[in-house]
Amino acid sequence: MPQPPQTTARNDDWTAQAADRIEGLVTSIRAKTTVPLTTVARGIVYGLLAAFAGGVAMVLAAIAAIRILNFLPGGVWVADLIVGMTFVLAGVWAWRKRHPAER
C-alpha cells in the first residue's frame, strides 16, 4: 500500500505562523476597540438605570413623606411646606456645590 506524500515541516510552520499572526492581530484589535466600547456602553446603561431608579425612589419618598406628615396638626399645607423646604434646602446645598472650592 502506498504511503501519502509527507508534507515538509517548513510548510506546516509557515501556515501555523500565519494563522497565529492573524489571530494575534484580531485579538489585539478587539482588545483595543470592542472591549473598551463594551465597558463604556455598560456604564451608560447602568448609570441611566440607576438615575431612573433614584428618581422613582425620590418621588415615592416625597409622596410617602406627605402622606405621613398629613397626620400633623395644621392641615395638608404643613406637610407640603415641610417636604417643599426639604427639597429647597437640598437644592440650595447642590447650588453651592456647583463650583469647586477656590484655593
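**Helix α2 and its two sides**

Trainee: Which residues of α2 are buried?
Mentor: The model is predicted: local features need pLDDT of at least 70, side-chain atom pairs count only at pLDDT 80 or more, and totals for chains, interfaces and linings use all residues. Numbering starts from 1 along each chain as its sequence is written, and side-chain values use heavy atoms, leaving out hydrogens and water. Buried means under 20% relative accessible area, exposed over 50%, partly exposed in between (1.4 Å probe, protein chains only). In α2 (helices are DSSP runs of H or I, at least four residues, numbered from the N terminus), the buried residues are Val-78, Ala-79 and Val-83.

Trainee: Within what arc do they fall?
Mentor: Look down the axis of α2 and take the directions from the axis to the C-beta atoms. The buried residues line one face of the helix, because they fall within an arc of 135 degrees.

Trainee: Which exposed residues does the face turned away carry?
Mentor: Turn from the buried side of α2 to the face pointing away from it. The exposed residues there are Trp-77, Trp-95 and Arg-96.

Trainee: How far apart are the end C-alpha atoms of α2?
Mentor: The expected span is 1.5 Å times one less than the number of residues. For the 21 residues of α2 that gives 30 Å. The end C-alpha atoms agree, being apart by 30 Å.

Trainee: Is Leu-89 buried or exposed?
Mentor: Leu-89 lies in α2, residues 76-96. Its relative accessibility is 55%, so Leu-89 counts as exposed.

Trainee: What separates the C-alpha atoms of Ala-61 and Val-83?
Mentor: Ala-61 sits in helix α1, residues 9-69. Ala-61 is partly exposed, at 45% relative accessible area. Val-83 is one of the buried residues of α2. The two are 22 residues apart along the chain, and their C-alpha atoms are separated by 9.9 Å.

How values were computed:
Helix = DSSP H or I, 4+ residues; strand = E, 2+ residues; numbered from the N terminus.
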